[in-house]
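Student: I would like to work through this fold piece by piece. Can we go from the sheet to the core and then to the charged pairs?

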Amino acid sequence: GVGPSAEARGARGIHARGPVLPGHDAGPEELARVPFTAWIEAAREEIEKLRAQHETVFVAGLSMGGLVSLAVASEGRADAIAVVATPLRLHPAPLVALIPVAKYVYRYLPKREGSDIQDPVARARQPGYRKLPLHSIHELRKMQRWVQERLVRIIVPTFVSHGAPDRTADPPAPPAPPSAAL
């Protein structure tokens, strides 16, 4: 997540938070029970807490957190956003189209290659799960569609970054909402 980034900003006097989204700290079994709407709602709640103390609120998200950042920006809740390795679209894979049905037969997808994070220190800080719940991948896909329908509503400054070694998010996907190109 963005916890280390929040810590670095805090050290420079910038009030920053690095919340853990529902299901992301209790193992794949718990993650499998969380709908995408809970991830967005958790971000809304964090933003409201920050708004109570600060006039300006920036939101940053890594990977799925980038989708969450785009979601809250589309609702006008953030003053600016930064998204990194955001999976607006997943790399093509035969299983992706079957997930809505396959999740009832196969609960988890093993992560054979591990994290895309190349830096060993960063990888140690964000180890991830060795298996992914297919239910959660399905929720991610639903959130992708939900966010894609709302990208045109984003009118705040937007920073987008994506690494070439990413095996999850499809780099040729539109990297930013149309309003960010202005």
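The questions and answers below concern a predicted model.

Student: Which strand order does the open sheet have?
Tutor: The sheet is open and holds 3 strands. Strand 1 (58-62) and strand 5 (158-161) are its edges, since each pairs on one side only. Neighbouring strands are turned by 10 degrees against each other on average, direction ignored. Pairing is parallel, and the order is 1-2-5.

Student: Which residue in strand 2 is the bridge partner of Phe 58?
Tutor: Strand 1 and strand 2 run parallel, joined by 5 bridges. One of the residues to place here is Phe 58, and its bridge partner in strand 2 is Ala 80.

Student: What angle does the direction of helix 4 make with that of strand 1?
Tutor: Helix 4 packs on the sheet, where it touches strand 1 and strand 2. Its direction and that of strand 1 make an angle of about 150 degrees.

Student: How many residues of helix 4 are buried?
Tutor: Helix 4 is mostly covered. The cover over its buried residues includes helix 3, strand 1, strand 2 and helix 7. Among the buried residues are Gly 65, Gly 66, Ser 69 and Ser 74, along with Met 64 and Val 72. The count is 11 of 11.

Student: Which residue just after helix 4 takes a positive phi?
Tutor: Helix 4 spans residues 64-74. Just after helix 4, a phi of about 75 degrees belongs to Gly 76.

Student: Is Leu 70 buried or exposed?
Tutor: Leu 70 sits in helix 4. Across 13 residues of sequence, its C-alpha lies 7.8 Å from that of Val 83. Its relative accessibility is 3%, and buried means under 20%. Leu 70 therefore counts as buried.

Student: Which residues have the most contacts inside the largest nonpolar core?
Tutor: In soluble globular proteins, nonpolar side chains tend to be buried together. Here the largest nonpolar core has 31 residues. Helix 3 (36-53), helix 4, strand 2 (80-84) and helix 7 each give two or more residues to this core. The residues with the most contacts inside it are Trp 39, Leu 70, Met 143 and Val 147.

Student: Which helix 7 residues does helix 3 meet?
Tutor: The two helices pack at about 65 degrees, with axes 8 Å apart. The contact residues divide into 6 nonpolar, 1 polar and 3 charged. Helix 3 brings Phe 36, Trp 39, Ile 40 and Arg 44. In helix 7 they meet Ser 136, Glu 139, Leu 140, Lys 142, Met 143 and Trp 146.

Student: Which residues from 64 to 68 does Trp 39 touch?
Tutor: Residues up to four places away in sequence are not counted. The contacts of Trp 39 include Leu 21, Pro 22, His 24, Leu 31 and Val 34. They also include Ser 136, Glu 139, Leu 140 and Met 143. From the stretch asked about, Trp 39 touches Met 64 and Val 68.

Student: Is Gln 144 buried or exposed?
Tutor: Gln 144 lies in helix 7 (residues 134-150). It touches Leu 67, Pro 87, Leu 88, Arg 89 and Leu 90, leaving out residues up to four places away. Its relative accessibility is 1%, so Gln 144 counts as buried.

Student: How far apart in sequence are the parts that Arg 17 and Glu 46 tie together?
Tutor: Their side chains meet in a salt bridge of 2.4 Å, N to O. Arg 17 lies in the loop between helix 1 (3-11) and helix 2 (28-31), and Glu 46 in helix 3, so the pair ties together parts that are 29 residues apart.

Student: Which of these two, Arg 17 or Glu 46, is buried?
Tutor: Arg 17 has 40% relative accessibility and counts as partly exposed. At 14% relative accessible area, the buried residue is Glu 46.

Student: Is Arg 33 buried or exposed?
Tutor: Arg 33 forms a salt bridge with Glu 30, at 3.4 Å between the closest N and O atoms. Glu 30 is partly exposed at 30%. Arg 33 has 56% relative accessibility, so Arg 33 counts as exposed.

Student: Which residues are linked in a network of salt bridges?
Tutor: The whole structure has 11 salt bridges. One of them joins Glu 75 and Arg 77, whose closest N and O atoms are 2.7 Å apart. Glu 75 is partly exposed at 30%, and Arg 77 is partly exposed at 26%. The network links Glu 41, Arg 44, Glu 48, Glu 75 and Arg 77.

Key:
Residues numbered from 1 in each chain as written. Predicted model: local features only at pLDDT ≥ 70, side-chain atom pairs only at ≥ 80, totals over all residues. Heavy atoms only, no water. Helix = DSSP H or I, 4+ residues; strand = E, 2+ residues; numbered from the N terminus. Buried < 20%, exposed > 50% of the residue type's maximum accessible area, 1.4 Å probe, protein only. Contact = heavy atoms within 4.5 Å. Core = buried A, V, L, I, M, F, W, Y, C linked by side-chain atoms within 4.5 Å. Axes fitted to C-alpha atoms, helices over the stretch in contact; angles between N-to-C directions. Nonpolar A, V, L, I, M, F, W, Y, C, P; charged D, E, K, R; others polar. Pairing = 2+ DSSP bridges. Salt bridge = Lys/Arg side-chain N within 4 Å of Asp/Glu carboxyl O.
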